[in-house]
Amino acid sequence: MGYKSDVRISLSINGFQELSNYVDDFFEKNNVDEQYNILHCMDVSHSSKDTVYFGWNDIKWYETQPEIMAIVLGIDHLKKNEYSTRFIRIGQEYDDIYQCFTDGNKDKNIDVEYPSMIRRFDDSYVFRCMDKTHDQER
(Lines give C-alpha, C1' and ligand atoms only; values in the text may rest on other atoms or scores of the structure.)
Protein backbone atom coordinates (compact mmCIF):
# COMPACT_ATOMS: atom_id res chain seq x y z
CA MET A 1 0.00 0.00 0.00
CA GLY A 2 2.54 2.62 1.05
CA TYR A 3 2.34 5.94 2.79
CA LYS A 4 -0.01 8.40 1.13
CA SER A 5 -0.34 12.15 1.25
CA ASP A 6 -2.61 14.92 0.03
CA VAL A 7 -0.83 17.72 -1.84
CA ARG A 8 -1.96 21.20 -2.93
CA ILE A 9 -0.06 23.79 -4.94
CA SER A 10 -1.00 27.35 -5.92
CA LEU A 11 0.86 29.22 -8.64
CA SER A 12 0.34 32.10 -11.01
CA ILE A 13 -0.74 31.14 -14.53
CA ASN A 14 2.78 31.95 -15.75
CA GLY A 15 4.30 29.98 -12.87
CA PHE A 16 2.15 26.97 -13.76
CA GLN A 17 3.23 27.19 -17.40
CA GLU A 18 6.87 27.41 -16.29
CA LEU A 19 6.36 24.35 -14.04
CA SER A 20 4.72 22.43 -16.90
CA ASN A 21 7.63 23.24 -19.21
CA TYR A 22 10.13 22.25 -16.53
CA VAL A 23 8.39 18.91 -15.93
CA ASP A 24 8.24 18.19 -19.68
CA ASP A 25 11.97 18.94 -20.01
CA PHE A 26 12.74 16.80 -16.94
CA PHE A 27 10.86 13.85 -18.44
CA GLU A 28 12.62 14.22 -21.79
CA LYS A 29 16.14 14.58 -20.30
CA ASN A 30 15.64 11.63 -17.95
CA ASN A 31 13.83 9.36 -20.43
CA VAL A 32 10.72 9.17 -18.24
CA ASP A 33 7.56 8.07 -20.03
CA GLU A 34 5.10 10.98 -20.40
CA GLN A 35 2.30 8.75 -19.06
CA TYR A 36 3.77 9.33 -15.58
CA ASN A 37 3.36 13.12 -15.77
CA ILE A 38 1.06 13.71 -12.81
CA LEU A 39 0.25 17.23 -14.04
CA HIS A 40 -2.07 15.44 -16.49
CA CYS A 41 -4.03 13.62 -13.78
CA MET A 42 -4.75 16.01 -10.93
CA ASP A 43 -7.50 15.21 -8.45
CA VAL A 44 -8.17 18.90 -7.84
CA SER A 45 -7.77 21.76 -10.27
CA HIS A 46 -9.18 25.27 -10.34
CA SER A 47 -8.01 28.39 -12.08
CA SER A 48 -8.82 32.06 -12.14
CA LYS A 49 -7.66 34.82 -14.43
CA ASP A 50 -4.23 34.95 -12.72
CA THR A 51 -3.73 31.75 -10.72
CA VAL A 52 -3.95 27.98 -10.76
CA TYR A 53 -4.68 25.80 -7.71
CA PHE A 54 -4.19 22.05 -8.09
CA GLY A 55 -3.25 18.88 -6.29
CA TRP A 56 -3.68 15.22 -5.57
CA ASN A 57 -5.36 13.10 -2.91
CA ASP A 58 -3.95 9.87 -1.50
CA ILE A 59 -0.79 10.08 -3.60
CA LYS A 60 2.43 8.27 -2.78
CA TRP A 61 4.58 11.40 -2.56
CA TYR A 62 8.02 9.83 -2.64
CA GLU A 63 10.54 12.42 -3.85
CA THR A 64 12.76 9.67 -5.23
CA GLN A 65 10.10 8.76 -7.81
CA PRO A 66 10.71 10.64 -11.08
CA GLU A 67 7.14 11.93 -11.42
CA ILE A 68 7.32 13.48 -7.92
CA MET A 69 10.94 14.57 -8.28
CA ALA A 70 9.98 16.53 -11.41
CA ILE A 71 7.36 18.52 -9.46
CA VAL A 72 9.63 19.12 -6.43
CA LEU A 73 12.57 20.24 -8.56
CA GLY A 74 10.18 22.30 -10.68
CA ILE A 75 8.97 24.18 -7.61
CA ASP A 76 12.61 24.83 -6.63
CA HIS A 77 13.15 26.11 -10.18
CA LEU A 78 10.17 28.47 -9.79
CA LYS A 79 11.55 29.85 -6.52
CA LYS A 80 14.97 30.49 -8.07
CA ASN A 81 13.29 32.26 -10.99
CA GLU A 82 11.23 34.61 -8.79
CA TYR A 83 7.78 33.00 -9.08
CA SER A 84 5.46 32.83 -6.07
CA THR A 85 4.79 29.31 -4.83
CA ARG A 86 2.36 27.84 -2.31
CA PHE A 87 2.89 24.16 -1.47
CA ILE A 88 1.42 21.99 1.29
CA ARG A 89 1.70 18.24 1.74
CA ILE A 90 -0.35 16.50 4.42
CA GLY A 91 0.80 13.00 5.30
CA GLN A 92 -1.14 10.24 7.02
CA GLU A 93 0.42 10.90 10.43
CA TYR A 94 -1.27 13.71 12.35
CA ASP A 95 1.86 15.83 12.67
CA ASP A 96 3.15 15.16 9.15
CA ILE A 97 2.52 18.48 7.43
CA TYR A 98 5.05 20.18 5.19
CA GLN A 99 4.48 23.74 4.00
CA CYS A 100 6.60 25.88 1.72
CA PHE A 101 5.56 29.36 0.61
CA THR A 102 7.57 31.90 -1.37
CA ASP A 103 6.77 35.28 -2.88
CA GLY A 104 8.54 36.10 -6.11
CA ASN A 105 9.02 39.36 -7.95
CA LYS A 106 7.48 37.97 -11.16
CA ASP A 107 4.17 37.55 -9.31
CA LYS A 108 4.27 40.61 -7.04
CA ASN A 109 0.97 41.98 -8.41
CA ILE A 110 -0.82 38.62 -8.31
CA ASP A 111 -2.62 37.29 -5.24
CA VAL A 112 -1.64 33.61 -5.23
CA GLU A 113 -4.02 31.95 -2.76
CA TYR A 114 -2.69 29.88 0.11
CA PRO A 115 -4.15 26.37 0.38
CA SER A 116 -6.66 26.19 3.23
CA MET A 117 -6.81 23.10 5.39
CA ILE A 118 -8.36 21.76 8.54
CA ARG A 119 -6.32 18.55 8.60
CA ARG A 120 -7.72 18.15 5.14
CA PHE A 121 -7.83 20.58 2.26
CA ASP A 122 -10.72 23.02 1.98
CA ASP A 123 -10.64 23.30 -1.80
CA SER A 124 -14.02 24.99 -2.14
CA TYR A 125 -12.87 27.82 0.15
CA VAL A 126 -9.86 28.51 -2.08
CA PHE A 127 -12.06 28.34 -5.19
CA ARG A 128 -14.42 30.95 -3.68
CA CYS A 129 -11.50 33.24 -2.74
CA MET A 130 -10.05 32.98 -6.22
CA ASP A 131 -13.39 33.66 -7.88
CA LYS A 132 -14.16 36.57 -5.52
CA THR A 133 -10.80 38.21 -6.34
CA HIS A 134 -11.51 37.76 -10.04
CA ASP A 135 -15.04 39.23 -9.69
CA GLN A 136 -13.71 42.29 -7.85
CA GLU A 137 -11.31 43.05 -10.71
CA ARG A 138 -14.10 43.34 -13.25
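Which residue of β3 is the bridge partner of Leu11? In this predicted model, the residue that bridges to Leu11 from β3 is Val52. That pair is a handy way into the sheet, so let's start there and work outwards.

## The sheet

Five strands make up an open sheet, ordered β2-β3-β1-β4-β5, with antiparallel pairing. The edges belong to β2 (44-47) and β5 (97-102); each has a single partner strand, so one side of each is left without a neighbour in the sheet. On average, and ignoring direction, neighbouring strands are turned by 5° against each other.

The pairings around β1 and β3 can be followed through their bridges. β1 and β3 are joined in the antiparallel sense by seven bridges. On its β4 side, β1 is linked to that strand (residues 85-90) by six bridges, again running antiparallel. Two partners in β4 can be named here: Arg8 bridges to Ile88, and Val7 bridges to Arg89. At the β2 end, four bridges hold β2 and β3 together in the antiparallel sense, and one of the partners is Tyr53 of β3, which bridges to His46. These two strands form a hairpin with three residues between them.

## Two strands and their faces

In a regular strand the side chains alternate between the two faces of the sheet. How many of the residues of β1 are buried? The count is eight of eight, and the strand is mostly covered. Ser5, Val7, Ile9 and Leu11 point one way, while Asp6, Arg8, Ser10 and Ser12 point the other way, and all are buried.

The edge strand β2 has a covered face formed by Val44 and His46 and an uncovered face formed by Ser45 and Ser47.

## Helices on the sheet and on each other

Helix α1 lies across β1 and β3 (51-59), and its direction is at about 120° to β1. Helix α2 also packs on the sheet, where it touches β1, β3, β4 and β5, and its direction makes about 145° with that of β4.

Two packed helices are described by the angle between their axes and the distance between the axes. For α1 (residues 13-29) and α2 (residues 66-80), the axes come within 9 Å and cross at roughly 135°. The two helices are therefore oblique to each other, and their crossing is right-handed. On the α1 side, the contact is made by Gly15, Glu18, Leu19, Tyr22, Val23, Phe26 and Phe27. On the α2 side, the contributors are Pro66, Glu67, Met69, Ala70, Ile71, Leu73, Gly74, Ile75, His77 and Leu78. By type, the residues of this contact divide into twelve nonpolar, three polar and two charged.

## Individual residues

Four residues deserve a closer look, and the table gives the relative accessible area of each.

| Residue | Place | Relative accessible area |
|---|---|---|
| Ser5 | strand β1 | 4%, buried |
| Trp61 | loop between β3 and α2 | 7%, buried |
| Glu82 | loop between α2 and β4 | 33%, partly exposed |
| Asp58 | strand β3 | 55%, exposed |

Is Ser5 buried or exposed? Ser5 is buried because its relative accessible area of 4% is under 20%. Setting aside residues up to four places away in sequence, Ser5 touches Trp56, Asn57, Asp58, Ile59, Trp61, Arg89, Ile90 and Gly91.

Trp61 is buried as well, at 7%. Beyond its neighbours within four places in sequence, Trp61 is in contact with Ser5, Val7, Ile38, Trp56, Ile68, Ile71, Val72, Phe87 and Arg89. The C-alpha atom of Trp61 is separated by 21 Å from that of Asn21, and these two residues are 40 residues apart along the chain.

The other two residues in the table draw attention through their backbone. Most residues other than glycine have a negative phi. Which value does phi take at Asp58? Phi of Asp58 is near 50°, a positive value in a residue other than glycine. Asp58 is found in strand β3 and is exposed, with a relative accessible area of 55%. Glu82, which is not a glycine either, has a positive phi of about 70°. Glu82 sits in the loop between α2 and β4 and is partly exposed, at 33%.

Note on methods:
Residues are numbered from 1 along each chain as its sequence is written. This is a predicted model: local features need pLDDT of at least 70, side-chain atom pairs count only at pLDDT 80 or more; totals for chains, interfaces and linings use all residues. Side-chain values use heavy atoms; hydrogens and water are left out. Axes are lines fitted to C-alpha atoms, for helices over the stretch in contact, and angles run from 0 to 180 degrees between N-to-C directions. Angles under 35 degrees count as roughly parallel, over 145 as roughly antiparallel, 65 to 115 as roughly perpendicular and the rest as oblique. A crossing is left-handed if the near helix is turned anticlockwise from the far one by less than a right angle, and right-handed if clockwise. Contact means heavy atoms within 4.5 Å. Ala, Val, Leu, Ile, Met, Phe, Trp, Tyr, Cys and Pro count as nonpolar, Asp, Glu, Lys and Arg as charged, and the others, Gly among them, as polar. Buried means under 20% relative accessible area, exposed over 50%, partly exposed in between (1.4 Å probe, protein chains only). Two strands pair if DSSP finds at least two bridges between them.
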